[in-house]
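Good morning, and thank you for joining this meeting. Please look at the sequence and the structure as they come up on the screen.

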Amino acid sequence: PRSVVRHQSAFQNLKQVFAGKRLADISPFLIERYKRLRKEEGRSGATINRELAFLKNLFTMAIAWGKTCENPVKQVRLFREDNGRMRFLTEEEEARLFAACSPSLQPVVLTALHTGFRKSELLSLTWQDVDFQRRMITVQAAYAKNGETRSVPMTATVTATLRALQSTAVSTEAVFLTHRGAPYRNFRKVFIDTCRRAAVTDMTFHDLRHTFASRLVMAGVDLPTVKELLGHKSIAMTMRYAHLSHGHKQSAIAMLDQRGEKVPTIFTTGRKAGDRTSLQVLERHG
């Protein structure tokens, strides 16, 4: 379902530029112009790349069906994507963000910060996915990026928030609703507006997921556990957060001082005595 939504969005954007043109008229030059126009509209390189991938696949199918002979998208260089972005909220920014959130957006932001769910995963949640008895919240496989069902324990804060939300919910299966009572379809624009009111700059909704992960790592949670909670296929993606665990590494190294061994005196007063003691220490400790 998530792919269908992405493809529909790509089709609508591409149609604004290429509608009415024959396949032979769509040249690398026109595609480059499309890239520039989308960039001027403020779209990220990753978003534009996904749209071009959709167009490229359309041409691949057209070639297979004998409708054209060339795929012009192959001659267009994609944007370099920065997958190493590591923006996350500070506690001060979080307080400002919550203060600026509308009553309908607050539960969405809070749940994102306490579960690490992606935007599409949050949009997919129904009340059947929320188990108050076991205090677990589940993303179904069809809506998970890695195609696997993932359950995350609910914090006390999330449990209380969702219980309050359920008590006022109208007759709908969706967990998160707009102020009009309709299921959220997208909250990109409303989140951007909220960040602007809160004076939180350079922030995307996906950065809430980064905040969730970074806080776990800085609290000393091991990376394999963080990997499972995030739903990463491999530990390589989770390793991006490893550098945040400086305090955890300091604690590990400090354990060497707790072995109870006497720390040898490397140098004593006097050159000759100092030299002799240094040699003795080096001989004992390699």
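I shall begin with the protein as a whole and then go through some of its helices and loops.

What is on the screen is a predicted model. The protein contains 13 helices and three strands. It has 286 residues, and 37% of them count as buried. If we take the contacts between residues at least 6 apart in sequence, 58% of these join residues at least 24 apart.

Let us turn to a first pair of helices. H2 covers residues 28–40 and H3 covers residues 45–64; their axes come within 10 Å and cross at roughly 145°. The crossing in which H2 passes H3 is right-handed. Which residues meet there? From H2 come Ile31, Tyr34, Lys35, Arg38 and Lys39, and from H3 come Gly45, Thr47, Ile48, Glu51, Leu52 and Leu55. By character, the residues of this contact are five nonpolar, two polar and four charged.

A second pair is formed by H4, residues 91–100, and H8, residues 188–198. These two helices pack at an angle of about 120°, and their axes lie 8 Å apart. Their crossing, too, is right-handed. On the H4 side we find Arg96, Leu97 and Ala100, which meet Phe191, Thr194, Cys195, Arg197 and Ala198 of H8. The residues in the contact of H4 with H8 comprise five nonpolar, one polar and two charged.

Following the chain beyond H8, we reach the loop that leads to helix H9, residues 206–218, and Ala199 is located in this loop. Ala199 has a phi near 60°, a positive value in a residue other than glycine. Asp202 also has its place in the loop between H8 and H9. For Asp202, phi is near 50°, again positive in a residue other than glycine. Is Asp202 buried or exposed? With a relative accessible area of 53%, Asp202 is exposed, because the cut-off for that class is over 50%.

I now come to H7, residues 156–167. How far apart are its end C-alpha atoms? They are 17 Å apart, which agrees with the 16 Å that 12 residues should span at 1.5 Å a residue. Three residues of H7, namely Val158, Thr159 and Leu162, are buried. They cover an arc of only 100° around the axis, and therefore they sit on the same side of H7. A general point about helices helps here: an α-helix has 3.6 residues a turn, so residues three or four places apart point the same way. The face of H7 turned away from its buried side carries Ala156 and Ser167, which are exposed.

What covers the buried residues of H7? The cover includes helix H5, residues 106–115, together with strand E1, residues 130–131, and strand E2, residues 136–139.

H5 itself deserves a closer look. Eight of its 10 residues are buried, so H5 is largely enclosed by the rest of the structure. The buried residues of H5 are Pro107, Val108, Val109, Leu110, Thr111, Ala112, Leu113 and Thr115. Just after H5 comes Gly116, whose phi is positive, at about 75°.

To close, I would ask you to keep two views in mind: H7, with Val158, Thr159 and Leu162 buried, and H5, which is among the elements that cover them. Thank you for your attention.

Conventions
Residues are numbered from 1 along each chain as its sequence is written. This is a predicted model: local features need pLDDT of at least 70, side-chain atom pairs count only at pLDDT 80 or more; totals for chains, interfaces and linings use all residues. Side-chain values use heavy atoms; hydrogens and water are left out. Axes are lines fitted to C-alpha atoms, for helices over the stretch in contact, and angles run from 0 to 180 degrees between N-to-C directions. Helices (H or I, at least four residues) and strands (E, at least two) are DSSP runs, numbered from the N terminus. A crossing is left-handed if the near helix is turned anticlockwise from the far one by less than a right angle, and right-handed if clockwise. Contact means heavy atoms within 4.5 Å. Ala, Val, Leu, Ile, Met, Phe, Trp, Tyr, Cys and Pro count as nonpolar, Asp, Glu, Lys and Arg as charged, and the others, Gly among them, as polar. The expected span of a helix is 1.5 Å times one less than its number of residues. Buried means under 20% relative accessible area, exposed over 50%, partly exposed in between (1.4 Å probe, protein chains only). The arc is that of the directions from the helix axis to the C-beta atoms.
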